[in-house]
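Subject: Structure for you to look at

Hello,

Please find the structure below, with my notes after it. I have kept to what can be checked in the coordinates.

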Amino acid sequence: MTSTEWQSTSSCCRFRMLDEDSIVYLHKIDSEYNLRMYSRIGRRRPLYSTCFGKVMMAWLPETEVRAMLAGVTFERLTEHTLADVDALLVELAQVREQGYAEDREEMDHGLRCFAVPIYSRMGRIIAGFSLSLFHEEDKAALVAQLYEAAARISTGLDFHDSPFGNHG
């Protein structure tokens, strides 16, 4: 997928990785529209309120998720932000079931995000690819595009058993 394809929507595409109890922005492609979200390379965000954080934690054992977030205070950034680790664990079960994560205005009012995992050659989730938008679009089509891009990245990392075609 090219930058032009992503910019044809009113969205922002980001590539992030896990770092202890936070996610870190590695790369982003801004929308061509005037309405933009503030994110910058190197910025840290909480795991519990980001779709990417949810993707990174969804396939971990519950004990590992609880240990990872043991010292984290769940700050309510909006009225939609998850309140505690128990609420997050319910959300993580949904992520595993559907194969992708959502941020439903948990970080910013009006901002929706979707994320899919990127796999290492050993089949471990090592990063993620997300898309943010300010209005509802065709979610299934957008998630399918995310899966396609993440599958290409995973293949480039020598992972060839992509589950991406089964979701969306």
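Strands β4 (residues 101-104) and β5 run antiparallel and are joined by four bridges. Within that pairing, D103 has C113 in β5 as its bridge partner. Please bear in mind that this is a predicted model.

On the pairing with β6 (residues 125-133), β5 is again antiparallel, with eight bridges between the two strands. One of the partnerships there is A115 with S130 in β6. β5 and β6 make a hairpin, with five residues between the strands. In the turn, G123 has a positive phi of about 85 degrees. As for burial, β5 covers residues 112-119, and eight of its eight residues are buried.

Cysteines

How many disulfides does a search of the whole structure find? The search finds zero. C51 is in no disulfide, and the nearest cysteine sulfur to it belongs to C113, 4.7 Å away. The reverse also holds: C113 is in no disulfide, and its nearest cysteine sulfur is that of C51, at 4.7 Å. The cut-off for a disulfide is 2.5 Å between the sulfur atoms, so the 4.7 Å between C51 and C113 does not qualify. C51 counts as buried because its relative accessibility is 1%. C113 has a relative accessibility of 3% and therefore counts as buried.

Salt bridges

The count of salt bridges comes to nine. A network of them links K54, E91, E102, R104, E106, R112 and K139. I give three of the contacts around E91 and R104 here.

K54 and E91 form a salt bridge, with 3.3 Å between the closest N and O atoms. This pair links distant parts of the chain, since K54 is in helix α2 (residues 51-58) and E91 is in helix α4 (residues 85-98), 37 residues apart. Are K54 and E91 buried or exposed? K54 is buried, with a relative accessible area of 0%. E91 has a relative accessibility of 10%, so E91 counts as buried.

E91 also forms a salt bridge with R104, where the closest N and O atoms are 2.8 Å apart. Because R104 lies in strand β4 and E91 in helix α4, the pair ties together parts that are 13 residues apart in sequence. R104 is partly exposed, at a relative accessible area of 27%.

R104 forms a salt bridge with E102 too, and here the closest N and O atoms are 3.5 Å apart. E102 counts as buried, because its relative accessibility is 3%.

Aromatic pairs

A search of the whole structure finds two aromatic pairs. One of them is Y119 with F159, a stacked pair with 4.7 Å from centre to centre and 20 degrees between the planes. Y119 is in strand β5, while F159 is in the segment after α5 (139-156), and the two are 40 residues apart, so that the pair links distant parts of the chain. Both Y119 and F159 are buried.

Surroundings of L88

L88 is in helix α4, the helix that also holds E91. With a relative accessibility of 0%, L88 counts as buried. Which residues is L88 in contact with, leaving aside its neighbours within four places in sequence? They are Y48, K54, M57, V65, L69, F74 and L82. K54 in this list is the residue that forms the salt bridge with E91. The C-alpha atoms of L88 and Y48 are separated by 6.6 Å, although the two residues are 40 residues apart along the chain.

To recap, β5 pairs in the antiparallel sense with β6 and runs antiparallel to β4. C113, the bridge partner of D103 in β5, is in no disulfide. Y119 in β5 forms the stacked pair with F159. Helix α4 is where E91 and L88 are found, and K54 in helix α2 is in contact with L88 and forms a salt bridge with E91.

Regards

Technical notes:
Residues are numbered from 1 along each chain as its sequence is written. This is a predicted model: local features need pLDDT of at least 70, side-chain atom pairs count only at pLDDT 80 or more; totals for chains, interfaces and linings use all residues. Side-chain values use heavy atoms; hydrogens and water are left out. Buried means under 20% relative accessible area, exposed over 50%, partly exposed in between (1.4 Å probe, protein chains only). Two strands pair if DSSP finds at least two bridges between them. A salt bridge is a side-chain nitrogen of Lys or Arg within 4 Å of a carboxyl oxygen of Asp or Glu. Rings of Phe, Tyr and Trp (its six-membered ring) pair if their centres lie within 6.5 Å; planes under 30 degrees apart count as stacked, over 60 as edge-to-face and the rest as tilted. Contact means heavy atoms within 4.5 Å.
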